[in-house]
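Biologist: I am new to this structure, and I would like to ask how each of its descriptions is justified. Could we look at it together?

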Amino acid sequence: MHLARFARIRLAHLPTPLEPLPRLSEELGLDLWIKRDDCTGLAGGGNKTRKLEFLLGAAFEEDADTLVTQGAVQSNHVRQTAAAAAAHGLACEIILEERTGSKATDYVGNGNVLLDRLFGATLRTVPGGTDMVAELEKTAAEVRARGGKPYVIPGGGSNPTGALGYVDCAREIVVQADDLDLEVHRIVTATGSAGTHAGLVAGLAVMGADIPVLGIGVRAPKEKQEANVFKLAEETAALLGQTGRVTREQVIADCDYVGEGYGLIDQGVIDALTLAARLDGIVLDPVYSGKAMKGLIALARAGRFKGETVVFLHTGGAQGLFGYQTEIEGAL
């Protein structure tokens, strides 16, 4: 797993801290730690920064001058991509999908959207359900037509190149746990576009670290989510020259906490946000880490993690809270 073989542009503040959550641990009856990938630094931090290090490395190898990507309106990935482009003198073309259907002023103009504009990205909005792959290709063709050199990044930065960022994170967690004499029984994280989950699974498999990863789904049903993660984890291991190291049994997703759909929050999410904030001063986001914590809390209270040391991977995204201000304030 020699990652120096792959082109990489350093963007993140690494290693991110691995810290205990003492009051949440007491509340939930387990030994809970947090991997602070909300502290990666770029544009306020988040998990996409690790992926973008390798994606920008590939973009520069291709002499690209424009990053092209897509996401939901309040996409954390889009925010970090726009910032990475600005920091390296690249143009950035963004397609935002109206995935939740919300027309609320704070959702469509505040939070991540405000930051996208601040970083100078060009934004285009399309209706929910649009073929986003086709839209990416359409935008890339427009860039080429005006003489530019686009580099297309899939939603979430989730392809084998991007997933290398979480192969590296898997290594980082194991090294930190060993330094702390901490035996980790499980890693819990949000799973959406699959790159973070798949990178962790591939990295741990290639290292031979016997730590299961539980992905708490934020969008797709369990069968589809696990299939997406497994496929990408296999492709990532193959990119590392380790075909066959990932098994289907290593990919586990619990998609019972999605609620009404992607980007739609409920009282359970707000309760999870509030509990993490008021017990250990941790700020989660409403779309990814908030739903993952909602699931972790429910499972812990059902006795799922009894006697375990669990690492919760915080994927960042607190900037998106401001897109949900009305909904959250009304429920506190």
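Modeller: The chain is divided into domain 1 (18-46 + 159-330) and domain 2 (61-153), with bounds that come from an automatic or database domain assignment. This is a predicted model, in which local features need pLDDT of at least 70 and side-chain atom pairs count only at pLDDT 80 or more, while totals for chains, interfaces and linings use all residues. Residues are numbered from 1 along each chain as its sequence is written, and side-chain values use heavy atoms, with hydrogens and water left out.

Biologist: What makes up the contact of domain 1 and domain 2?

Modeller: Domain 1 gives 19 residues to the contact and domain 2 gives 16 residues, where contact means heavy atoms within 4.5 Å. Between them the two domains bury about 1,400 Å², 53% of it on carbon and sulfur atoms; buried area is the accessible area (1.4 Å probe) that two parts lose on being put together, summed over both.

Biologist: How do you know where the largest nonpolar core lies with respect to domain 1 and domain 2?

Modeller: A nonpolar core is a set of buried Ala, Val, Leu, Ile, Met, Phe, Trp, Tyr and Cys residues joined through side-chain atoms within 4.5 Å, and the largest one here has 65 residues, L67 and F305 being among those with the most contacts inside it. Domain 1 and domain 2 both give residues to this core, so it lies between them.

Biologist: Why is K48 called buried or exposed?

Modeller: Buried means under 20% relative accessible area, exposed over 50%, and partly exposed in between (1.4 Å probe, protein chains only). K48 has 8% relative accessibility, and therefore counts as buried. Leaving out residues up to four places away in sequence, K48 touches N76, H77, Q80, G156 and S193.

Biologist: What does UniProt list for K48?

Modeller: The unreviewed UniProt entry lists K48 for "modified residue: N6-(pyridoxal phosphate)lysine"; UniProt positions are given in the numbering used here, feature names are shortened, and annotations may be inferred rather than shown by experiment. The UniProt annotation "active site", also from an unreviewed entry, covers S75.

Biologist: Why does S75 count as buried or exposed, and what does its side chain reach?

Modeller: S75 counts as buried because its relative accessibility is 6%. The side chain of S75 reaches the backbone nitrogen of H77 at 3.2 Å.

Methods. A polar contact is a pair of N or O atoms within 3.5 Å; within protein, one must be able to donate a hydrogen and the other to accept it, and residues adjacent in sequence count only if both atoms are side-chain atoms.
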